[in-house]
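Visitor: I have a structure to read and little practice. Could you take me through some of its features?

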Protein chains: 2
Amino acid sequence: MAKPSKENSPITEHLAYLLAQANREINRQLELRLSKEGVPVEQWRILKVLSDGNGHSMGELAGAVLLNHPTLTKMIDRMVSDTLVYRVQDPNDRRKVLMFISDRGKVLCKKLNSLAVDQEEHILESYGDKSTSELKRLLESLIDSSN
Amino acid sequence: MAKPSKENSPITEHLAYLLAQANREINRQLELRLSKEGVPVEQWRILKVLSDGNGHSMGELAGAVLLNHPTLTKMIDRMVSDTLVYRVQDPNDRRKVLMFISDRGKVLCKKLNSLAVDQEEHILESYGDKSTSELKRLLESLIDSSN
DNA sequence: TTGAAAATATTGAATATTCAAGAATTGAAG
DNA sequence: CTTCAATTCTTGAATATTCAATATTTTCAA
């Protein structure tokens, strides 16, 4: 009898595929909410990271918001035009640029946060409290184990 | 005393962010393996879906491999140039195009499958059998509950 | 049967992302 | 000190993706 082999297993059983599918779906829902303010998900992430009021370098930001460096530069250019954030040269290391959130950025960020909370609550309802926190735990540990 | 509010929670605690991060990491690893054959992840998915030998319409494929329609068309154009797949007009509904995998495509798909299995095994080792299957179960159910 | 609406796939222009190279600054070895 | 390698960010060209419009075929109501 044939040994059960993974080589023929349908793509829908692969972890990589399930992650892509779930990510796509949740992201789509979030995008839909944030589009009420005309803001892409990445910009919300940027604002959220900067909303601690501290300066964050481009490299740091790129890692935090899951964008590569040149893409981030260009997105930040747009956000600077929209006066949501601003650049300051790091006085301690002039290779670096420190990004700060503006007052306008803070106001927008608050609105976006509440839209995002709406979504999380919607997930909690349809998916369940228990499952959600368990899923988060497992994802964190997967990310950990991948470094 | 302050009511604990989600509005200030760091971005790293949002389900959408954890999914994006995990997806990014696992996808990066898979990309790295498949790059040995010079094939992007999406093309492997396409080959895998087509490897049942049946014809699949573009719309069906687009859904299955998580690409939107025009992007898929252009990727298929490249794969046709590489003689990995070919188009046949659906005789029953001539609006549709049925995609088939070629012999060359099948050979490549086998190699890619084994590279992908390598990765899944690597995950099983570092992350654990139990966690992996539990994570898959939760992801499937999240995807279900989102429809 | 006919004609309007829906479904399917492709195309081209607009937009976004990525890769490779460049500019500026720092670190550190000799 | 001086110089060379490493770090950080930006830029421009190449590539890829997306949006809107188009072409073709089917469906279905009148």
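Visitor: Which atom of DNA strand C does a polar side-chain atom of Thr73(B) lie 2.9 Å from?

Guide: A polar contact is a pair of N or O atoms within 3.5 Å; within protein, one must be able to donate a hydrogen and the other to accept it, and residues adjacent in sequence count only if both atoms are side-chain atoms. Here the partner of Thr73(B) is a phosphate oxygen of DNA strand C. This is a predicted model: local features need pLDDT of at least 70, side-chain atom pairs count only at pLDDT 80 or more, and totals for chains, interfaces and linings use all residues. Side-chain values use heavy atoms, without hydrogens and water, residues are numbered from 1 along each chain as its sequence is written, and chains are lettered from A and ligands numbered from 1 in the order in which they are written.

Visitor: What do the Lys74 side chains reach on DNA strand C?

Guide: Base oxygens. For an N or O atom in the side chain of Lys74(A), the distance is 2.4 Å. For Lys74(B) it is 2.8 Å. Helices are DSSP runs (H or I, at least four residues), numbered from the N terminus. Those giving two or more residues to this surface are α4 (69-81) of chain A, and α3 (58-65) and α4 (69-81) of chain B.

Visitor: How many residues are around DNA strand C?

Guide: A residue is near a strand if one of its heavy atoms lies within 4 Å of it. DNA strand C has 19 such residues. Sugar and phosphate make up 69% of the strand's atoms within 4 Å of the protein.

Visitor: What about DNA strand D? Which residues are closest?

Guide: Gly59(A), Lys74(A), Arg87(A), Lys74(B) and Arg95(B), out of 19 around the strand. A polar backbone atom of Gly59(A) is 2.7 Å from a phosphate oxygen. A polar side-chain atom of Arg87(A) is 2.8 Å from a phosphate oxygen.

Visitor: How do I describe two packed helices?

Guide: Use the angle between their axes and the distance between the axes. Axes are lines fitted to C-alpha atoms, for helices over the stretch in contact, and angles run from 0 to 180 degrees between N-to-C directions. In chain B, α5 (residues 103-127) and α6 (residues 129-145) pack at about 115°, with axes 6 Å apart. That makes α5(B) roughly perpendicular to α6(B), a label for angles of 65 to 115 degrees.

Visitor: Which residues of α5(B) meet α6(B)?

Guide: Contact means heavy atoms within 4.5 Å. Glu120(B), Ile123(B), Leu124(B) and Tyr127(B) are the α5(B) residues there. Their partners in α6(B) include Leu135(B) and Lys136(B).

Terms used: Parallel < 35°, antiparallel > 145°, perpendicular 65-115°, else oblique.
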